[in-house]
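This report describes a protein chain through its helices, its charged pairs, its surface and its largest pocket. Please keep the sequence and the structure in view while reading.

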Amino acid sequence: MSEPNNEQIKDDMNPVIEELERQGVNFNTKEEEYTGLGDVVESTLKAFGITEERFKAWFNLKECNCNKRKKWLNNLFSWRKK
């Protein structure tokens with residue numbers, strides 16, 4: 001069995017996100033008031049020089065949906081900013 005490529009992973013995740021949205025799972029509506037797991041992952045990757053632009057270049061992607069995944073992670077585990 002071979003490792004899944006990026007398109008396969010994206011194709012596998014999109015139906016999951018769409019089903020959750022269909023069931024009414026939504027993002028926090030006031031993003032400026034919250035921070036969460038997606039923000040932590042993003043800042044950690046940036047500390048190591050891994051930016052969205054670099055990620056797209058490495059995997060030859062036009063769009064990586066990083067912001068959508070960040071929002072989902074934030075929605076799953078978030079806390080109010082001070």
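Helices are DSSP runs of H or I with at least four residues, and they are numbered from the N terminus. One residue placed in this way is D39, which is found in helix α2. The model discussed here is a predicted one.

**Helix α2 and its polar contacts**

Is D39 buried or exposed? With a relative accessibility of 18%, D39 counts as buried, because buried means under 20% relative accessible area. The side chain of D39 is joined to the side chain of T35 by a polar contact of 3.1 Å.

T44 also has its place in helix α2. Its relative accessibility is 38%, so T44 counts as partly exposed. The side chain of T44 reaches back to the backbone oxygen of V40, at a distance of 2.8 Å.

**Salt bridges**

Side chains of opposite charge can pair when their charged atoms come close. How many salt bridges does a search of the whole structure find? The search finds five. Three of them are listed in the table below.

| Pair | Closest N to O distance |
|---|---|
| R22 and E19 | 2.6 Å |
| E42 and K46 | 3.9 Å |
| E42 and K70 | 2.8 Å |

The pair R22 and E19 belongs to helix α1, where the two residues are three apart and therefore separated by about one helical turn. R22 is exposed, with a relative accessible area of 61%. E19, at 29% relative accessibility, counts as partly exposed.

E42 and K46 lie in helix α2, four residues apart, which is about one turn of the helix. E42 counts as partly exposed at 27% relative accessibility, and K46 is partly exposed with a relative accessible area of 49%.

E42 also forms a salt bridge with K70, the closest N and O atoms being 2.8 Å apart. Why does this pair tie together parts that are 28 residues apart in sequence? The reason is that E42 lies in helix α2 whereas K70 lies in helix α4. K70 counts as partly exposed, at 22% relative accessibility. Salt bridges that share partners join D39, E42, K46 and K70 into one network. D39, described above as buried, is thus a member of this network.

**A nonpolar patch on the surface**

Which residues form a nonpolar patch on the surface? They are L37, V40, V41, L45, L76, F77 and W79, and together they have about 620 Å² of accessible area. Helix α2, which covers residues 37-47, provides the largest share of the patch, with four residues. W79, another member of the patch, lies in strand β2, which covers residues 78-80. W79 has a relative accessible area of 36% and is therefore partly exposed. V40, whose backbone oxygen is reached by the side chain of T44, is also one of the patch residues.

**The largest pocket**

The volume of the largest pocket is about 550 Å³. Its lining comprises 23 residues, and those closest to the centre of the pocket are L45, F55, C64, C66 and R69. Which helices each supply at least two residues of this lining? They are α1 (6-22), α2, α3 (52-58) and α4 (66-76). L45 links two parts of this account: it belongs to the nonpolar patch, and it is among the lining residues closest to the centre of the largest pocket.

Key. Residues are numbered from 1 along each chain as its sequence is written. This is a predicted model: local features need pLDDT of at least 70, side-chain atom pairs count only at pLDDT 80 or more; totals for chains, interfaces and linings use all residues. Side-chain values use heavy atoms; hydrogens and water are left out. Patches are made of residues with over 30% relative accessible area and no salt bridge: like charges are joined within 9 Å, nonpolar side chains (Val, Leu, Ile, Met, Phe, Trp, Tyr) within 5 Å. Accessible areas come from the Shrake-Rupley method with a 1.4 Å probe; for residues, only the protein chains shown count as cover. A salt bridge is a side-chain nitrogen of Lys or Arg within 4 Å of a carboxyl oxygen of Asp or Glu. Buried means under 20% relative accessible area, exposed over 50%, partly exposed in between (1.4 Å probe, protein chains only). A polar contact is a pair of N or O atoms within 3.5 Å; within protein, one must be able to donate a hydrogen and the other to accept it, and residues adjacent in sequence count only if both atoms are side-chain atoms. On a 1 Å grid over the protein atoms alone, a cavity is a set of points where a 1.4 Å probe fits but cannot get out, and a pocket is an open set with protein on both sides within 12 Å along at least five of seven lines; lining residues have an atom within 4 Å of a point. Grid points are joined across faces, edges and corners, and a volume is the space filled by probe spheres set on the points.
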